[in-house]
Amino acid sequence: MIATNLKVQDGVLHFAGYDTAKLAKEFGTPLYLMDEARIRYNCKMYQDAMVEFFGPQALTLYASKALSFKHIYEIVRETGLGIDVVSSGEIHTAVQAGFPMEKAFFHGNNKTDADIAYAMDCGVGYFVVDNVEELYAIEHIAERRDHVQKCLLRVTPGIDPHTYDAVATGKVDSKFGVPIETGQAEEFYHYATALPHLQVEGLHCHVGSMVFDEDVFERTAQIMLDFMGQLYHAYGFETKLLDLGGGYGVRYRESEGVVDIPYRISALAEFMKGYSEKLGIPFPAVLLEPGRSIVADAGLTMYTVGSVKRIKGYKNYVSVDGGMTDNPRYALYKAPYTVFAPERMDAPPTLHCDVVGRCCESDDILQPDVWLPELRRGDLLAIATTGAYNYAMASHYNRIPKAPIVMLSEEGAKIAVQRETFDQIIQNDL
Ligand SMILES: *Cc1c(COP(=O)(O)O)cnc(C)c1O
């Protein structure tokens, strides 16, 4: 099995200790199931490793764009992590969940004036400033409030982490941040530190997502430490916080590897300590911002099959009652997934098919080239590792209501996000 929270019992797929077929019957499909213990475990794994290898000031931030709804912020608060937020909508959700906003870091390459004002009014601890124009917008809005805003400067180290293009963000020509290589990051630093209502606490970078390569974070850290050394030796500037972003990969298919995150963190810390000593700079508080690797393997999506279409001499399609509206990742990135027939786990996989959604769009494919047991209308399908960037990216295309999220824990199966109703779909239509 691709994850330890998946098991087969009497031919039925169990997830987080629950019979998935029973849950599908109880809550209906499409349905997002979340393993709450797994989210807590992943949060703790990161934070324990960060503190062990980087020391007590190190902090893990959950990149909440991966999956944002009220209850997740409660879990993150209880496990002691901070959060990344990228919009007023995420800030509002976290505030409503009672999250301590001084531990929130506000990202994004285009924060509107309204976003900036709202974030300050909600007490967001840190702004991760993306560009020079944004610096002045923040300064201006902070001045009106007589507030000094702590911030990090987002710079691009010029690293291509060899993942999909759409999720590589650390390249010199990225839309995010200010490049070091061109000298613009140093100018950015000068502009920022001249502003009285901004307090520059440190630097931020994020090179991309689905990072498996051993040395990506070390190479990134080296460039960032070099830049810190440059600012320290030339201007005496001490980078108190160094945020290296998120991006560790997760396993979507049996054939993919598993990143040993505590081990990677230990290797990164060892490298960084040695290198910063060599540069003669004070060691910063280090931050990481995992999103996917906190929630991906805590999710499983359940569907019901509507039809099995066999186009003689060509191919077979299995259509389900969800699709790109609840999981657009194959349509967007050709993302791999593992599909199961949860009630027929012991049956031979004799049906070669594309698993497709119900949207009026040919690219509404959840996963092509899958081998499944023989299926018919009414059978269940499950797709694993859907905790990250599924519900978060869900849409109302074709006016399909969003699926509910059910949290599974020792206390039972509890609805955390209700299934949308048709009336909610039209609630803003005048
Ligand atoms: C998306 C993003 C993350 C999280 O990336 P994952 O691949 O989900 O770990 C962290 N930081 C920033 C700035 C991001 O844009």
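The exercises below, each followed by a worked solution, concern a predicted model of a single chain.

**Exercise 1. Overall dimensions**

Determine whether the radius of gyration of the chain agrees or disagrees with that of a compact globule, and describe the extent and surface of the chain.

*Solution.* Begin with the expectation: for 430 residues, a compact globule would have a radius of gyration near 22 Å, and since the chain has 23 Å, the two agree. Next, take the extent along the principal axes, where the C-alpha trace spans about 70 × 55 × 45 Å. Turning to the surface, the chain exposes about 18,500 Å², of which carbon and sulfur atoms supply 50%, while buried residues account for 57% of the 430 residues. Finally, consider the charges: the chain carries 39 positive and 58 negative charges, and the mean positions of these two sets are 7 Å apart.

**Exercise 2. Secondary structure and contacts**

State how many helices and strands the chain contains, and what share of its contacts between residues at least 6 apart in sequence joins residues at least 24 apart.

*Solution.* The count of elements gives twelve helices and 21 strands. If one then takes the contacts between residues at least 6 apart in sequence, 70% of them join residues at least 24 apart.

**Exercise 3. The surroundings of helix 5**

Identify which residues of helix 5 are buried, and which elements are included in their cover.

*Solution.* Helix 5 comprises residues 113–121, and within this helix Asp115, Ile116, Ala117, Ala119 and Met120 are buried. The cover over these buried residues includes two helices, namely helix 4 (88–96) and helix 6 (132–144), together with strand 7 (104–106), strand 8 (126–129) and strand 9 (149–156). Just after helix 5 comes Gly123, whose phi is positive at about 75°.

**Exercise 4. Two aromatic pairs**

Classify the ring pairs Phe106–Phe127 and Tyr252–Tyr337, and establish which parts of the chain each pair ties together.

*Solution.* The chain has twelve aromatic pairs under the ring-centre rule. For Phe106 and Phe127, the ring centres lie 5.4 Å apart and the planes meet at 80°; because an angle over 60 degrees counts as edge-to-face, this pair is edge-to-face. Phe106 belongs to strand 7 and Phe127 to strand 8, so the pair ties together parts that are 21 residues apart in sequence. As for burial, Phe106 has a relative accessible area of 0% and is buried, and Phe127, at 0% relative accessibility, counts as buried too.

The pair of Tyr252 and Tyr337 is also edge-to-face, with 5.2 Å centre to centre and 75° between the planes. Tyr252 is in the loop between strand 12 (241–243) and helix 9 (261–279), whereas Tyr337 is in the loop between helix 11 (329–333) and strand 16 (339–340), so this pair ties together parts that are 85 residues apart in sequence. With relative accessibility of 0%, Tyr252 counts as buried, and Tyr337 is buried with a relative accessible area of 3%.

A further aromatic grouping is the cluster formed by Tyr32, Phe69 and Tyr391.

**Exercise 5. Backbone geometry**

Find the loops that hold Pro30, Asp10 and Asn398, and describe the backbone geometry at each of these residues.

*Solution.* As background, most residues other than glycine have a negative phi, and most peptide bonds are trans. Against this, the bond joining Thr29 and Pro30 is a cis peptide bond with omega of about -10°, and Pro30 sits in the loop between helix 1 (20–27) and strand 4 (31–35). Asp10, in the loop between strand 1 (6–9) and strand 2 (12–15), has a positive phi near 50°, and at 78% relative accessibility Asp10 counts as exposed. Asn398 lies in the loop between strand 19 (380–384) and strand 20 (405–409); its phi is positive, near 60°, and its relative accessible area of 34% makes Asn398 partly exposed.

**Exercise 6. Separations in sequence and space**

Locate Ser362 and Thr79, and give the C-alpha separation of Ser362 from Ile91 and of Thr79 from Pro157.

*Solution.* Ser362 is placed in the loop between strand 17 (351–356) and strand 18 (365–372) and, at 71% relative accessibility, counts as exposed. Ser362 and Ile91 are 271 residues apart along the chain, and their C-alpha atoms are separated by 35 Å. Thr79 is in the loop between helix 3 (70–78) and strand 6 (82–85); Thr79 and Pro157 are 78 residues apart in sequence, with 31 Å from C-alpha to C-alpha. Leaving aside residues up to four places away in sequence, Thr79 touches Arg40 and Cys43.

Key: Residues numbered from 1 in each chain as written. Predicted model: local features only at pLDDT ≥ 70, side-chain atom pairs only at ≥ 80, totals over all residues. Heavy atoms only, no water. Helix = DSSP H or I, 4+ residues; strand = E, 2+ residues; numbered from the N terminus. Rg over C-alpha atoms; globule rule 2.2 N^0.38 Å. Buried < 20%, exposed > 50% of the residue type's maximum accessible area, 1.4 Å probe, protein only. Contact = heavy atoms within 4.5 Å. Areas by Shrake-Rupley, 256 points an atom, 1.4 Å probe, with all protein chains shown as cover. Lys, Arg positive; Asp, Glu negative; His and termini not counted. Charge placed at Lys NZ, Arg CZ, Asp CG, Glu CD. Phe/Tyr/Trp six-rings, centres within 6.5 Å; stacked < 30°, edge-to-face > 60°.
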